[in-house]
Amino acid sequence: MERLIYMLIVTVIYALLWMNKKTLEKLFLEKETPLLLHILEREEVSEFSSKRVTKGLWVMGLSLLSLALNQSTFVSLSWIVIAILMIKWPALVLKQLYQKRLNQLKIEFPIWLRQLQILLQHNTVVQSLRLSQSHAPQLFKVALRDLVVQLEMTPHDLSLYTNFLQEYQSIEVQRAMKLLYRYNRVGSQDATRQLARLIQATTKWLRDQRFNQQSTTISLVGWWGMLPLLGVGGLFLVMMVQTIMTLLERR
Amino acid sequence: MYLGITMLVGVAIIVYINQHVKIPMLFKRCKTVNSIYGPSYGYFSRKESWIQMLFLLVILVLMGYLFKLSYEYSVVLYVMGLCAMPLFLHYQARAYYHAYKFNQITTFLQHFLAHFKIYHQSYHALMDVKNVVDEEYAILIEKALEELNQDASKHPLQFLYEISPHFIIVNIMSWIEHVERHGVEESYETLDMLENDIDDWIEDETIYIKNLHSIKNKIVILVGLSLIIAMFNQHMLSSFMDLSSNNVYQLSIFVFISVLLLTTIKAYELLNTSWILKSECLWND
């Protein structure tokens, strides 16, 4: 009887969860997820949230089933943990994808900026931006095209520069775009100085990125050195067990 | 069962090796090595290759003997070692190739810019740089000059872009195009920037490759050290039991040596790292 009441309570709670699915969606929605969905050009926020919460609730249903089948509390709790993980997992994947794109941007943007600096020697900023489109990275080709179109209409609008790739919230990109704006606005005397600053900043950025990539590779390959030590450790362990077994057998 | 596991480990290592160097290539001349040392060289035609192969075989036989490995395990170990040999040679050859390619490209770029500064004409600069680079690249420059004679609209450095679409090369191409169109005045700042970029590139890559090679040496030393430790272990155990008839010992030592072989292969694989970072080559190619 007690068990029946217990099952009834759990089923009612589960039904309540289904009925308040929208609240659950809001509860599990991370602050940055809508922005990430927009940057990565994925589905609408409501659709994304609904999908993952539905999946999570179905898995949570398995926990109820395990209770009904009289399995241990550990099994039921495991299903609940899995359900929460299933709800959280898509957001983690989104974050990873975003980080990957951000890293790609940090490598490709200074390279593109270097090309732009060459073009700036004989062209205006807008013209250089237009010419740089042919070798622009895929990651921001569309954004660059839009920027050129908007700059042709209002070439002295600062917000157009600062809003460029704003979604990635990269300080380096913002700084470079502000320098570019200043180069576009100031007189020819100061323009050379502004360009020199831009070149200096890009040189540092390029080297830093190269160094980061190389140090990541070096730190990863260094782990191979652990393998012989682990091997000899394992061998030592196996042989010690073997020795103890032999000694026990002799006794 | 033990022999089954042994065979499985052996097959896994051979499959891994086969991914890098095709096993049938053992019996043929290999293009990868040929491209570096010239058409008359194959894997086994060089004296050093034979010496290295003999050295590895001696080490393996010695290990088999010292660790009291049974005949079956020893044979599998020798086969694995012999199969790994072309892979070691391949990595060494690739290391030379990568260094050679980077050296040729950077030498060419530095001299080309220096000559271009004087003549302001890419054709003359190319003519002069032809004498600085090696024969293989001199032929490519000769070909580029011929193409320029036929079609003047073609970019003089297009051949270099086809070898490596690195952003510095593209920037130099773009700069040359502008200078030839608008004149060199007010462009010296950019020239300085490009020259600095090349210098930084050489410095960064040299340090990076040196670090990788030193990691490789460290891993090989660790392999040697773990072999010495295992030897002590074996020496202690031989007073307790008959190791040559102990199946657990035989299998453990075989797996251990296989792991060491795999680690050495992975360490040598570091030699096959290009000096030109892939991420710095243009993305639309």
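The following exercises, each with a worked solution, concern a predicted model with chains A and B.

**Exercise 1. Describe the helices and strands of chain B.**

Step 1. Count the elements: chain B has ten helices and zero strands.

Step 2. Read the order from the N terminus, which is α-α-α-α-α-α-α-α-α-α.

Step 3. Consider burial: 32% of the 285 residues of chain B count as buried.

Step 4. Turn to contacts in chain B between residues at least 6 apart in sequence; 70% of these join residues at least 24 apart.

**Exercise 2. Work out which helices of chain B supply the side that touches chain A, and what kinds of residue are found there.**

Step 1. Start with the contacts: 46 residues of chain B are in contact with 36 residues of chain A.

Step 2. Locate the helices. On the side of chain B that touches chain A, at least two residues each come from α8 (167-182), α9 (188-237) and α10 (247-269) of chain B.

Step 3. Find the largest share: α9(B) gives 18 residues.

Step 4. Sort the residues of this side by type, which gives 26 nonpolar, 14 polar and six charged.

**Exercise 3. Decide whether B:H182 is buried, partly exposed or exposed.**

Step 1. Place the residue: B:H182 lies in helix α8 of chain B.

Step 2. Count its surroundings: 13 other C-beta atoms lie within 10 Å of B:H182.

Step 3. Apply the cut-offs: a residue is buried at 20 or more such atoms and exposed at 12 or fewer. B:H182 has 13, so B:H182 is partly exposed.

Step 4. Compare sequence and space for one pair: B:H182 and B:E147 are 35 residues apart in sequence, and their C-alpha atoms are 23 Å apart.

**Exercise 4. Describe the largest nonpolar core and name the residues with the most contacts inside it.**

Step 1. Give the size: this core has 48 residues.

Step 2. Name the residues with the most contacts inside the core: A:M177, A:L180, B:F108 and B:I172.

Step 3. List the contributing helices. From chain A, α5 (73-120), α9 (171-185) and α10 (188-221) each supply at least two residues; from chain B, α4 (71-119), α5 (122-129), α6 (135-150), α8 and α9 each do so.

Step 4. Identify the largest share, which is nine residues from α5(A).

Step 5. Look at one member: leaving out residues up to four places away in sequence, A:L180 touches A:V125, A:Y161 and A:L198.

Step 6. Note a second, separate core of 37 residues, which includes A:L227, B:F67, B:M80 and B:L270.

How values were computed
Residues are numbered from 1 along each chain as its sequence is written. Chains are lettered from A and ligands numbered from 1 in the order in which they are written. This is a predicted model: local features need pLDDT of at least 70, side-chain atom pairs count only at pLDDT 80 or more; totals for chains, interfaces and linings use all residues. Two residues are in contact if their C-beta atoms, placed from the backbone, lie within 7 Å. Helices (H or I, at least four residues) and strands (E, at least two) are DSSP runs, numbered from the N terminus. Ala, Val, Leu, Ile, Met, Phe, Trp, Tyr, Cys and Pro count as nonpolar, Asp, Glu, Lys and Arg as charged, and the others, Gly among them, as polar. A nonpolar core is a set of buried Ala, Val, Leu, Ile, Met, Phe, Trp, Tyr and Cys residues joined through C-beta atoms within 7 Å.
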